[in-house]
Amino acid sequence: MIGKTREEINIPGTNIMNWKQAKFLLNDDFFSKLAAYEHAGPKEDKPPKYATIDRILKRLEKYNEEDIFDYNVGVGVLYKYIRQCCEARLADIARRKEDKENQR
């Protein structure tokens with residue numbers, strides 16, 4: 001979740017989200033951060049290993065978007081948003097890498 005570490009949202013010692021705690025993070029601040037997220041450009045801080053774009057996309061590939069929407073439309077929209085942000089981020093990284101190589 002945006003701006004939180006996995007230790008803040010997972011059950012201690014696991015990779016399982018603690019929904020009893022995390023549900024309180026789904027507030028106006030969370031949605032403001034979603035709206036303000038900018039996929040383009042270099043990021044100031046290096047993300048933790050578990051939060052890299054490739055790793056997130058790999059995990060998302062396990063799920064069928066249609067099944068998610070059938071289960072819950074809100075979760076489906078969030079899934080689609082995350083996937084599209086990751087894909088746009090990868091495209092931006094590739095574009096910046098190509099621009100950098102062309103400048104040499």
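**Reading rings, charges and surface patches**

Me: Phenylalanine 31 has a relative accessible area of 46% and is called partly exposed. Which limits stand behind the words buried, partly exposed and exposed?

Reply: Buried means under 20% relative accessible area, exposed means over 50%, and partly exposed lies in between, with a 1.4 Å probe and protein chains only. At 46%, phenylalanine 31 is therefore partly exposed. Phenylalanine 30, by contrast, is buried, with a relative accessible area of 8%. Please note that this is a predicted model, in which local features need pLDDT of at least 70 and side-chain atom pairs count only at pLDDT 80 or more, while totals for chains, interfaces and linings use all residues. Residues are numbered from 1 along each chain as its sequence is written, and side-chain values use heavy atoms, leaving out hydrogens and water.

Me: How many aromatic pairs does a search of the whole structure find, and how is such a pair described?

Reply: A pair of aromatic rings is described by the distance of the centres and the angle of the planes. The search of the whole structure finds 1 aromatic pair. The ring centres of phenylalanine 30 and phenylalanine 31 are 5.2 Å apart and their planes stand at 80°, so the pair is edge-to-face. The rule takes rings of Phe, Tyr and Trp (its six-membered ring) with centres within 6.5 Å; planes under 30 degrees apart are stacked, over 60 edge-to-face, and the rest tilted.

Me: Where does phenylalanine 31 lie, and which residues form a nonpolar patch with Phe31?

Reply: Phenylalanine 31 has its place in helix α3. On the surface, Phe31 joins Trp19 and Leu26 in a nonpolar patch, with about 330 Å² of accessible area together. Patches are made of residues with over 30% relative accessible area and no salt bridge; nonpolar side chains (Val, Leu, Ile, Met, Phe, Trp, Tyr) are joined within 5 Å, like charges within 9 Å.

Me: Which residues gather in the patch of positive charge?

Reply: Lys49, Arg55, Lys58, Arg59 and Lys62 gather there, on the surface. Lysine 49 belongs to the loop between α3 (28-36) and α4 (53-60), and at 72% relative accessibility lysine 49 counts as exposed.

Me: How many salt bridges are counted, and which residue does aspartate 29 bridge to?

Reply: A salt bridge is a side-chain nitrogen of Lys or Arg within 4 Å of a carboxyl oxygen of Asp or Glu. By this rule there are 8 salt bridges. Aspartate 29 bridges to lysine 33, with the closest N and O atoms 3.6 Å apart. These two residues are 4 residues apart in helix α3, so about one helical turn separates them. Both ends are partly exposed: aspartate 29 at 44% and lysine 33 at 30%.

Me: What are the partners of aspartate 92 in helix α6, and are arginine 89 and aspartate 92 buried or exposed?

Reply: Arginine 89 meets aspartate 92 in a salt bridge of 3.5 Å, N to O. Both lie in helix α6 (residues 73-102), 3 residues apart, about one turn of the helix. Arginine 89 counts as buried at 8% relative accessibility, and aspartate 92 counts as buried at 6%. Arginine 96, which is partly exposed at 26%, also forms a salt bridge with aspartate 92, the closest N and O atoms being 2.9 Å apart. Salt bridges that share partners join Arg89, Asp92, Arg95, Arg96 and Asp99 into one network.

Conventions: Areas by Shrake-Rupley, 256 points an atom, 1.4 Å probe, with all protein chains shown as cover. Lys, Arg positive; Asp, Glu negative; His and termini not counted. Charge placed at Lys NZ, Arg CZ, Asp CG, Glu CD.
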